[in-house]
Amino acid sequence: MISKHALKLTIHFGCAFVLGTSILTSTGCLGGLGLTGATLPTDPVSTEASNHYQVEMMGAFTKSAPFEGEIDGPLTVQDALERSGAIKKFRSMDIMIYRVVEETGRVLKMKVEYTPRTKTVKPELNYAIHPNDRIMVQARSLSSIDKFVDSLSPNN
């Protein structure tokens, strides 16, 4: 039997492939999609001392909208999302924190789970924000396909 996750991924991949193919063949270039100036979250982050963090918001068809905030005291992921306006902008979202570890210079990726019903980050994943943290917020689709696949699972 196919798992719920595998079925959802197959349906999403198929829909995205058909949509992407039709867009690329009708426009003829990637410039119209806003894909030419995007920065990747794993780009090196300045390690100089600063008291700032960054929230980058990406919708399904919109460019990244960066927000830079200042750490003016104890600050958590929930606080950063509220200050940046991400909670008002997106109903449901996938959140990832990218933090440079000073000792090694490597990027640490921390996944954060968000509960749309209560508009809050799960308490056990509501990490403290450190200087130079990059919080990537990706809009999550709650389409009818997602709801249909979720309804097939008796666990929901």
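Student: How many aromatic pairs does a search of the whole structure find?

Tutor: The search finds one aromatic pair, formed by Y53 and F67. Please keep in mind that this is a predicted model, where local features need pLDDT of at least 70, side-chain atom pairs count only at pLDDT 80 or more, and totals for chains, interfaces and linings use all residues. Residues are numbered from 1 along each chain as its sequence is written, and side-chain values use heavy atoms, with hydrogens and water left out.

Student: Why is the pair of Y53 and F67 called tilted?

Tutor: Ring centres of Phe, Tyr and Trp (its six-membered ring) must lie within 6.5 Å to pair; planes under 30 degrees apart count as stacked, over 60 as edge-to-face and the rest as tilted. Y53 and F67 are 6.4 Å apart centre to centre, with 55° between the planes, so they pair and the label is tilted.

Student: What makes this a link between distant parts of the chain?

Tutor: Y53 sits in strand β1 (residues 52–58) and F67 in strand β2 (residues 65–70), 14 residues apart. Strands here are DSSP runs of E with at least two residues, and helices are runs of H or I with at least four, numbered from the N terminus.

Student: Are Y53 and F67 buried or exposed, and how do you know?

Tutor: Buried means under 20% relative accessible area, exposed over 50%, and partly exposed in between (1.4 Å probe, protein chains only). Y53 has 2% relative accessibility, so Y53 is buried. F67 has 24%, so F67 is partly exposed.

Student: What makes D72 and R83 a salt bridge?

Tutor: The rule asks for a side-chain nitrogen of Lys or Arg within 4 Å of a carboxyl oxygen of Asp or Glu. The closest N and O atoms of D72 and R83 are 3.2 Å apart, so the pair qualifies. D72 lies in the loop between β2 and α2 (77–84) and R83 in helix α2, so the bridge ties together parts that are eleven residues apart in sequence. By relative accessibility D72 is exposed at 59%, whereas R83 is partly exposed at 38%. The count by this rule is five salt bridges.

Student: How do you know that R140 and D94 also form a salt bridge?

Tutor: Their closest N and O atoms are 2.9 Å apart, so the rule is met here as well. R140 is in the loop between β7 and α4, and D94 is in strand β3 (residues 93–100), so the bridge joins parts 46 residues apart in sequence. R140, at 34% relative accessibility, is partly exposed, and so is D94 at 31%.

Student: What about the side chains of R99 and D133?

Tutor: They meet in a salt bridge of 2.7 Å, N to O. R99 belongs to strand β3 and D133 to the loop between β6 and β7, 34 residues apart. Both R99 and D133 are buried.

Student: Why is the link between R134 and E56 called a polar contact?

Tutor: A polar contact is a pair of N or O atoms within 3.5 Å; within protein, one must be able to donate a hydrogen and the other to accept it, and residues adjacent in sequence count only if both atoms are side-chain atoms. The side chains of R134 and E56 are joined at 2.6 Å, so the distance fits the limit. R134 lies in strand β7 (residues 134–139) and is buried, with a relative accessible area of 8%.

Student: Which residues does H130 touch, not counting residues up to four places away in sequence?

Tutor: With a contact meaning heavy atoms within 4.5 Å, H130 touches H52, Y53, I71 and R99. H130 and I71 are 59 residues apart in sequence and 7.9 Å apart in space, C-alpha to C-alpha. H130 lies in the loop between β6 (120–121) and β7 and is partly exposed at 37% relative accessible area.

Student: Where should I read the model with care?

Tutor: pLDDT is the predictor's confidence in each residue, from 0 to 100. Over residues 29–38 pLDDT stays under 50. Where pLDDT is low, the predicted coordinates should not be read in detail. Among the elements, helix α4 (residues 144–151) has the lowest mean pLDDT, 65, and strand β4 (residues 107–112) the highest, 96.
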